[in-house]
Amino acid sequence: MLKIPHLLRALTNAQVLHFNYKGFQLRSRCTMSQGELLTTMSTKRVNEEAISVEDEQITKKVKLEEENVDNEKKYPKKKVVLLVAYSGKGYYGMQRNTGTSQFRTIEDELVSALIKSGCIPENHGDEMKKMSFQRCARTDKGVSAAGQVVSLKLRLIEDIMENINKHLPVQIRILGFKRVTQGFNSKNNCDARTYSYMLPTVAFAPKDYDTQKSAAFRLDPETLTRANSLFSIYKGTHNFHNFTSQKSPQDPSARRYITEMSCEEPFLSGESEFAVITVRGQSFMLHQIRKMIGLVIAVIKGYAKEEVLERSWGNDKVDIPRAPGLGLVLERVHFDRYNQRFGGDGLHQRLDWAAEEESIKGFKKAHIYPSIVDTESEERSMISWMASLPIHDYEASAADRREKDQKQENDVGNESD
């Protein structure tokens with residue numbers, strides 16, 4: 001309801017208008033009709049309400065800025081690293097896609113928890129560059145991590161890990177926290193990365209093995225020894241352009257350095273036998289590890305000859321199968337050069353996580369390994385993938401296949417003439 005002064009201001013002196021307002025007889029001259037007057041009054045009311053909402057927003061913004069200033073004074077931002085562990089099931093990888101809520105990622109959960117805990121200002125949530133945020137490794141959809149490391153500037157609130165974890169789902173946890181130099185970047189300062197790949201040992205069974213009896217399969221020592229002999233061929237620097245997508249043999253970024261790769265002794269989980277393959281390298285390309293494992297499995301099962309491994313480093317495009325994503329885990333990241341330079345200066349902490357080792361093992365046992373085992377049991381992704389191995393042409397390169405297909409087309413054409 002408009003107040004009397006507001007109503008009087010809406011009237012002009014050109015025409016007399018009688019108006020009853022709560023018993024008061026108002027008489028004025030107005031050039032507007034009654035309908036026009038009501039429209040003006042309604043517009044004025046809307047404008048006043050809009051001004052009120054705007055004032056409220058401004059007040060809220062000012063209050064938020066004042067709170068941020070107070071927090072900055074109480075908790076100054078410092079450069080830190082967080083040790084993050086997560087089960088990747090149900091998430092579309094590690095890296096955040098700002099503005100897309102449909103494909104939830106690990107970083108979406110992490111940033112939300114950092115805001116809710118008060119570690120970063122709310123208005124920086126969509127611009128994490130302002131917090132110098134950087135992840136050490138970008139894991140793919142469904143891939144887990146036991147030792148992911150992110151670097152960023154945070155407010156050093158009390159009980160920082162407990163407060164962040166309070167706002168995270170149970171399958172994502174902050175297991176460690178350390179101060180670092182202001183110029184530290186978790187991706188650029190990382191010297192090497194170690195991944196593991198957990199798989200049912202039936203993957204190494206002969207190709208004529210009945211996969212309906214996959215739970216009964218047991219890996220023999222001779223096959224394990226041969227698998228490790230094949231994995232050792234990957235060690236050193238090689239051109240892995242065939243182990244990823246859209247990389248030419250001339251692309252220098254396709255050359256990668258592998259320091260370790262082996263399969264550990266198998267173990268039972270429920271009725272099925274599993275094994276863990278560990279690989280350490282300077283860095284890895286998209287799908288590289290899964291293709292390295294996929295090719296060795298194809299050789300063990302008898303679909304491909306051993307020579308295909310070294311031939312894959314040549315210029316020809318070689319058809320290499322890609323093992324399922326389930327089972328791949330980022331185990332740890334290494335900062336050897338940083339530790340040598342700053343770890344012993346008495347001012348900075350070494351970036352190793354020996355003190356957190358038990359927490360890491362506990363998280364894997366509680367969240368990562370059960371997720372892999374249960375999902376494999378339900379979806380049988382390895383069994384399904386093994387069925388696709390015969391369709392790959394391991395003998396011919398892509399150029400050879402094109403030449404062969406062209407020859408067949410020409411032969412058909414000559415016959416039709």
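Why is strand β12 (residues 328–334) largely enclosed by the rest of the structure? Select β12 and have a look: six of its seven residues are buried, so the rest of the structure largely encloses this strand. Keep in mind as you click around that this is a predicted model.

**Stop 1: the neighbours of β12**

Leave β12 highlighted and add strand β5, residues 144–155. These two strands run parallel where they pair, with two bridges between them. To find one contact point, pick S144 and then its bridge partner in β12, V329.

Now add strand β7, residues 192–200. Its pairing with β12 is antiparallel and spans six bridges. Click on S196 and you'll find V329 of β12 standing opposite. So V329 is worth a label: S144 is a bridge partner, and S196 stands opposite.

**Stop 2: the cysteines**

Next, select C136 and C190 and show their side chains. How far is the sulfur of C136 from the closest cysteine sulfur? The gap to C190 is 3.4 Å, which is too far for a bond. A disulfide, after all, is a covalent bond between the sulfur atoms of two cysteines. If you go hunting for disulfides elsewhere, you'll come back empty-handed, as the structure holds zero of them.

While C136 is selected, switch on a surface: this residue is buried, at 3% relative accessibility. Then jump to C263, which is buried too, with a relative accessible area of 6%.

**Stop 3: the largest pocket**

Time to look at empty space. Select A137, R138, F284, M285 and L286, the lining residues nearest the centre of the largest pocket. The space in there comes to about 810 Å³, and 34 residues line it.

Which elements each supply at least two residues of this lining? Colour β4 (134–135), β7 and α6 (288–300) to see them. Helix α6 gives the most, with three residues. Colour the lining by class and you get twelve nonpolar, eleven polar and eleven charged residues.

**Stop 4: the second largest pocket**

For the last stop, move to the second largest pocket, with a volume of about 330 Å³. Select K89, K141, G142, V143 and L326, the closest to its centre among the 21 residues that line it. Here you meet β12 again: this strand and α9 (357–379) are the elements that give two or more residues to the lining. The largest share, four residues, comes from α9. By class, this lining divides into seven nonpolar, nine polar and five charged residues.

Conventions
Residues numbered from 1 in each chain as written. Predicted model: local features only at pLDDT ≥ 70, side-chain atom pairs only at ≥ 80, totals over all residues. Heavy atoms only, no water. Buried < 20%, exposed > 50% of the residue type's maximum accessible area, 1.4 Å probe, protein only. Pairing = 2+ DSSP bridges. Disulfide = S-S within 2.5 Å. 1 Å grid on protein atoms, 1.4 Å probe; cavity = no way out; pocket = protein on both sides within 12 Å on 5 of 7 lines; lining within 4 Å. Points joined across faces, edges and corners; volume = space filled by probe spheres on them. Nonpolar A, V, L, I, M, F, W, Y, C, P; charged D, E, K, R; others polar.
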